[in-house]
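Open the structure in your viewer and keep the selection panel at hand. The stops below say what to select and what is there.

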Amino acid sequence: MSTAIVAPPETFNEAAFNAFLDQRDDPEWIIELRKKAFAIYNEKLCEPLDPEEWKRVDLRIFQPAKFSLSADKPAGNKLDTQLQGEAEFKGQVTHENGHCTSSQIDASLVEQGVVFGDLSALVHTHRDILEPYFMTKAVTPDRDRFAAWHAAFWTGGTVLYVPKNCSVEPPLHSLIALTQAGAADLSHTLVILEDNASATLLEETLSGDEGSPGLHLGCVELIVGKDANLRYVQLQNWNQKTYHFAHQAGLVESNGFMQWTVSALGAKLAHVHQDVVLNGRGSIGEVNGVTFATDKQKISFYTQQTHNDEQTRSDLLYKEVLRDKARVVWRGMIKVDKKAQLTDGYQRSDALMLSDTARADAIPGLEIEADDVRCTHGATAGQVDQEQVFYAMSRGLSRYEAMHMIVQGFFQTVYDRIPVEAVRKTLNDAVVQKLGIGD
Amino acid sequence: MTSLLKIENLHVNVEETPILKGVNLEVKAGEIHALMGENGSGKSTLAYALAGHPKYTITQGTVELDGAKLNDLDPSERARLGLFLAFQYPVTIPGVKVADFLRHAISNIRNPARKEGEGLVPMREFRKELKEQMGSLDMKTEFARRYLNEGFSGGEKKRMEILQLAMLKPKFAILDETDSGLDSDAVRFVSEGLTKLTGPEMGVMIITHHERLLQYNIPQYAHVMMGGRIVETGDASLAEEIHNEGYTALRERHPEAAAEQEQVEAVTQ
């Protein structure tokens, strides 16, 4: 499927598209955007995907016709979230099978002009805020078939808008769940921080059970204004029957700061295209990645750190642990524009293999047009150091306990970069759970 | 009952190469033994083999701790029976805090039946004990929050080994060249630390080819290894003799062992 395919899957063809439009109550401007995107989707299906991005991802196992948009709004199932209860949230939005089932925001934030809620509702009331950014700058529908597919069929999603000079201290929480077998979620996360605004958004994705197949075809757009400060976390914890495809991009203006943490624990097959675009002088983008793949999971990241102006700094650290027959691919690129002098770009991926049958590929890359920059990259992959295991065992730790401690320590160096305690704890808890400690 | 570590006719291969060729040694609780010998004589091999390093294969003979045969036990099981090795080159485990590591370690040593995920020594109790032990070894408490041996100086690593010894309170401790590579102040810290820990409850085997550690911890027995065997056993005066006169006289007294040692060196280098 990385080659061209001619017709869309029947669950996402023209008839399905029209039925989808009928069933929704979108405003005209959105319907127009969807129609344009649907046309692009049909064109893009005839084009092969970028081999640089897709050649290590085997899409043959993915059969999109097995997934469809869920017409019925769920009653709002009790969801076993990891983050809930770990911190006090000033707002909470939940999506289930593509439908928003709850949305709350603290009244004090509303007073300050903060908008936090469901995209499907906000396109009616906040066109002025959304239209300039919604799939126009960070992720555009013409990127590839997945972007266009999402732009035509997006089902909802979480919007956070923080006006100029406004600081939202406690984090906000967004939950995306799939609870129905065969359901597709095409949720869209859009964060807009105006100049000198700051906020933290913690987003998690999960499945209602272990066995139901699902599809998430997501998009994340992060717009960070001048001097603004965004912390965004996405904890991907689908079940191992779920496909996860996403275009995610963050744009940072002058002296803005974006700290972006992604974790990949779940999914049968996941491919995430993550872009950090430093548009303004002095802007900073920091990326943390925690991946723990087991069984036959296939997890792929395609990351780009783009420096478009002077004195920008990007710093990406991905840590991956693999077990069983899992496979992880990381393809990273630092791009530096001609005018982006005095930039500092860094990318690193470290993979730790717990079994001989796991496989990790790390392919860092640099494209530098400026001549006065510092760009470094690195990648390591290796088995657990048996001398470490022996040392820990000689202190009374069992072999598994020793291995588990070494794995937790391996991730700890990423956690150390994450200032939100709830996230560190949640990540560690999830890793511990996946390691099977105490089972 | 006085605890006993009994090594009988121990033969050990390292990757097919025979290194130990019949070591016999008994260490009782309360005793301090010095194990001396030149590089390549088999001292560290004995230490690793006792601790159960997977690369060191026992081909013949037995090691028993209070009657329990250690040969087929993994390093964790040996540690839980009361054996401790202070490493010559302590291993770094990035991201694992000293305190977390030690809390897991002592929980297993004190409750040898403990399974992973089961209860740990209560935090308050653990913290109090750790603080006391660190204080008596003159270690700053911030070490407890650092990652195990990461960025530690040579002296700090060795002191960390002694701290672990203090926390784990083994029946038998083997110190593998704990004094090597340290300046005289660091040797003094480590030696004094060890002195505080030794007593009637613990048997100690100090592996060294210097004598500095022994000045602070006077051994009742000194053994000299050569060519994979213990060729002489005496008291502290034997250690002193080696310190003053080197190994030349010993080699002359044991020409066969000396020749075998040279052979092994030729193979392993």
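Start with B:Arg188, which is partly exposed at a relative accessible area of 31%. This is a predicted model. Add B:Glu192 to the selection: the side chains of B:Arg188 and B:Glu192 meet in a salt bridge, 3.8 Å from N to O. B:Glu192 is also partly exposed, at 32% relative accessibility. Show the backbone as a cartoon, and both residues appear in helix 6 of chain B (residues 184–197), 4 residues apart, which is about one turn of the helix.

Stay in chain B and select B:Ile93. Is B:Ile93 buried or exposed? With a relative accessibility of 2%, B:Ile93 is buried, because that value is under 20%. B:Ile93 belongs to strand 7 of chain B, residues 93–97. Now display its contacts, leaving out residues up to four places away in sequence: from chain B there are B:Phe101, B:Tyr147 and B:Leu148, and from chain A there are A:Gln388, A:Tyr391, A:Ala392 and A:Ile406. Then put a distance label between the C-alpha atoms of B:Ile93 and B:Asn149. The label should read 6.9 Å, although 56 residues separate the pair in sequence.

Move to chain A and select A:Thr291, in strand 15 (residues 284–293). A:Thr291 has a relative accessible area of 1% and is buried. Which residues does A:Thr291 touch, not counting those up to four places away in sequence? The contacts are A:Ala264, A:Ile299, A:Phe301, A:Lys319, A:Glu320, A:Val321, A:Val328 and A:Phe411.

Next, go to A:His307 in strand 16 of chain A, which covers residues 298–307. A:His307 is buried, with a relative accessible area of 0%. Beyond four places in sequence, the residues that A:His307 touches include A:Leu278, A:Thr312, A:Arg313, A:Ser314 and A:Ile334. Also among the contacts of A:His307 are A:Lys335, A:Val336, A:Asp337, A:Ala340, A:Thr343, A:Asp344 and A:Gly345.

Turn on the surface for the next stop. Select A:Lys241, A:Lys268, A:Lys296, A:Lys298 and A:Lys325, which form a positive surface patch. Zoom in on A:Lys241, in the loop between strand 11 (229–237) and strand 12 (242–252) of chain A. A:Lys241 is partly exposed, with a relative accessible area of 41%.

The last stops are salt bridges in chain A. Side chains of opposite charge can pair when their charged atoms come close. How many salt bridges does a search of the whole structure find? Over all chains the search finds 33.

Select A:Glu131 and A:Arg127. Their salt bridge has its closest N and O atoms 2.8 Å apart. A:Glu131 is partly exposed at 37% relative accessibility, and A:Arg127 is partly exposed at 39%.

Then select A:Lys55 and A:Glu52, where the closest N and O atoms of the salt bridge are 4.0 Å apart. A:Lys55 counts as exposed because its relative accessibility of 52% is over 50%. A:Glu52, at 31%, counts as partly exposed.

Finish with A:Arg24, A:Asp26 and A:Arg34, which are linked in a network of salt bridges.

Definitions and conventions. Residues numbered from 1 in each chain as written. Chains lettered and ligands numbered in written order. Predicted model: local features only at pLDDT ≥ 70, side-chain atom pairs only at ≥ 80, totals over all residues. Heavy atoms only, no water. Helix = DSSP H or I, 4+ residues; strand = E, 2+ residues; numbered from the N terminus. Buried < 20%, exposed > 50% of the residue type's maximum accessible area, 1.4 Å probe, protein only. Contact = heavy atoms within 4.5 Å. Patch = residues over 30% accessible without salt bridge, like charges linked within 9 Å, V, L, I, M, F, W, Y side chains within 5 Å. Areas by Shrake-Rupley, 256 points an atom, 1.4 Å probe, with all protein chains shown as cover. Lys, Arg positive; Asp, Glu negative; His and termini not counted. Charge placed at Lys NZ, Arg CZ, Asp CG, Glu CD.
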